[in-house]
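Work through the exercises below with the model open. Each task is followed by its solution.

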Amino acid sequence: MEYTADSIFSQFLWLILFLSASAAVVVARAAASRRRRRLPPGSLGLPLIGETLQLISAYRTENPEPFIDERVAKCGAVFTTHVFGEATVFSADPETNRTVLQNEGRLFESSYPGSISNLLGRHSLLLMRGGHHKRMHSLTAATFANAAVIRDHLLLDVDRLVRLNMDAWTGRVTLMDQAKKITFELTVKQLMSIDPCEWSEDLMKEYMLVIEGFFTVPLPFLSISYTRAIQARRKVAEALATVVRERRKGPRKYDMLGALLDEENSGRVLTDEEIVDFMVALLVAGYETTSTIMTLAVKYLTETPLALAQLKNEQDEIMARKREDYSLQWEDYKSMSFTQCVINETLRMANIISGVFRRTTTDVAVNEGYTIPKGMRVFASFRAVHMNYRHFKDARTFNPWRWPSNGSEITNCATNVFTPFGGGPRRCPGAELARVELSVFLHRLVTQFSWIPAEQDKVVFFPTTRTQKRYPIIVQRRSNHEL
Ligand code: HEM
């Protein structure tokens, strides 16, 4: 073979090209592997406080969205931040949220700060793990969420207690307070078959102090509200323990407490402390959530007269089929299709549980090749998905007509973008009950009253979703000729 200057040069060129290409592959592989092990991008903010102050100031306003929008625009739908004392991976991505929810107990575990665990009680469903959690979650779902139980027992109680409370309404009504009173009485009834009485009123006073504790700075020696909450929690526990002891001696009743006591028949004896913790947590889980959605549904309807008119028509038609002094039946609830659209839309806009905290139990690969290391805190944000224009057209406007007219949430559930009740093994066991309570509340409200807001009020999102003035309204009873 003859080596000319030209052929030597071209072979040299090929060698350079080959070496460069190999080097590029090695560098790309190394970068990919580094990237695989890297946390999602983001900013940890200031030492110790991280980005907590930015988050709080955004969520104290009517429009908290910029906090998430800015970070998603800069870093993508899964980013790292540092809030409430800890670096946290924040997910605004429906697929990542699904992975977090569905892998509960495998790749992720629910995680609450110690201050919250103290108030809930260590035997509460929210803190249970593994097989015991699975068993108790099913028991709760069977007692609370089972359609047959709601149809045959709970619906009548819900309707009766809502009517009883509304019978006393005249003039100015602070809606949030009334909604809380109703949901508290309902939960006490469903847990242990106790109707509203002096005992339940006293219990509610203590219980409200416990709830305040969830939203205060958890420093036992510095925060008066937190210390007061712990003391009130003890009193609530004592009151419930007395009921448990009485019930152990008496006849069986078909309520949550009955189901817990029946656990003994299946070979597992629950102590009084376990039963009390379990019931305290159920009182907490259903109270703030359902009452806030009741209040906000009314606020959104008041501000959207066309939706209110359509809902009124639907409910008036149900009432027109009835005699005086009727009780709502399961078929009535099932025929409230536009009402379900209003409830879906209120759940989507208000996001009373804006997302869930979890902790990784191992290194977990997420979105675009990033890795969340073992033991790190993760926040799967439902709000970020519900408010995203890619998933919901005109996402930041209240529009109940976006939902299918049969009121179902199926279309969006299929793509994991609508998760107001969470998902996976910890999906809210009270979801159906909450829908029934909301539907009955709206039925009785619009068929009996017209109202106007008593004052300007606005929705804020920290420490929880709420209206600043607890939404005061002036109610007027609808006269017969109006119906
Ligand atoms: C509009 C009303 C409600 C909303 C938006 C709501 C939302 C949620 C969400 C998102 C979760 C999941 C938490 C997680 O994955 O860590 C949850 C859990 C739970 N909810 Fe609800 N909820 C509502 C009403 C109720 C009611 C009425 C009850 C029962 C009285 C209830 C009982 C529970 C319980 C016990 C859990 C814990 C489940 C577990 O950890 O296994 N909720 N709820």
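**Exercise 1. Polar contacts to the ligand**

Task: In this predicted model, how far does a polar side-chain atom of R426 lie from an oxygen atom of the ligand? Then treat H133 and R358 in the same way.

Solution:
- Step 1. Start at R426: a polar atom of its side chain is 2.8 Å from a ligand oxygen.
- Step 2. Go to R358. An N or O atom of that side chain sits 2.8 Å from an oxygen atom of the ligand.
- Step 3. Finish with H133. Here the distance from a side-chain N or O atom to a ligand oxygen is 2.6 Å.

**Exercise 2. The shell around the ligand**

Task: Which residues come nearest to the ligand, and which helix gives the largest share of the shell?

Solution:
- Step 1. Count the surroundings: 26 residues lie around the ligand. The nearest are H133, H137, R358, R426 and C428.
- Step 2. Assign elements. At least two shell residues each come from helix 6 (130-145), helix 12 (272-303) and strand 5 (355-360).
- Step 3. Pick the main contributor: helix 12, with six residues.
- Step 4. Sort by class. The shell holds 17 nonpolar, seven polar and two charged residues.

**Exercise 3. Confidence**

Task: What pLDDT does the protein chain average, and over which residues is the pLDDT below 50?

Solution:
- Step 1. Take the chain: its average pLDDT is 88, and 88% of the residues score at least 70.
- Step 2. Locate the stretches. Residues 30-36 have a pLDDT below 50, with six contacts beyond near neighbours in sequence. Residues 410-414 are also below 50, and this stretch has six such contacts in the model.

Terms used. Residues numbered from 1 in each chain as written. Predicted model: local features only at pLDDT ≥ 70, side-chain atom pairs only at ≥ 80, totals over all residues. Heavy atoms only, no water. pLDDT = per-residue confidence, 0-100. Contact = heavy atoms within 4.5 Å. Near = heavy atom within 4 Å. Polar contact = N/O pair within 3.5 Å; in protein donor to acceptor, adjacent residues only side chain to side chain. Helix = DSSP H or I, 4+ residues; strand = E, 2+ residues; numbered from the N terminus. Nonpolar A, V, L, I, M, F, W, Y, C, P; charged D, E, K, R; others polar.
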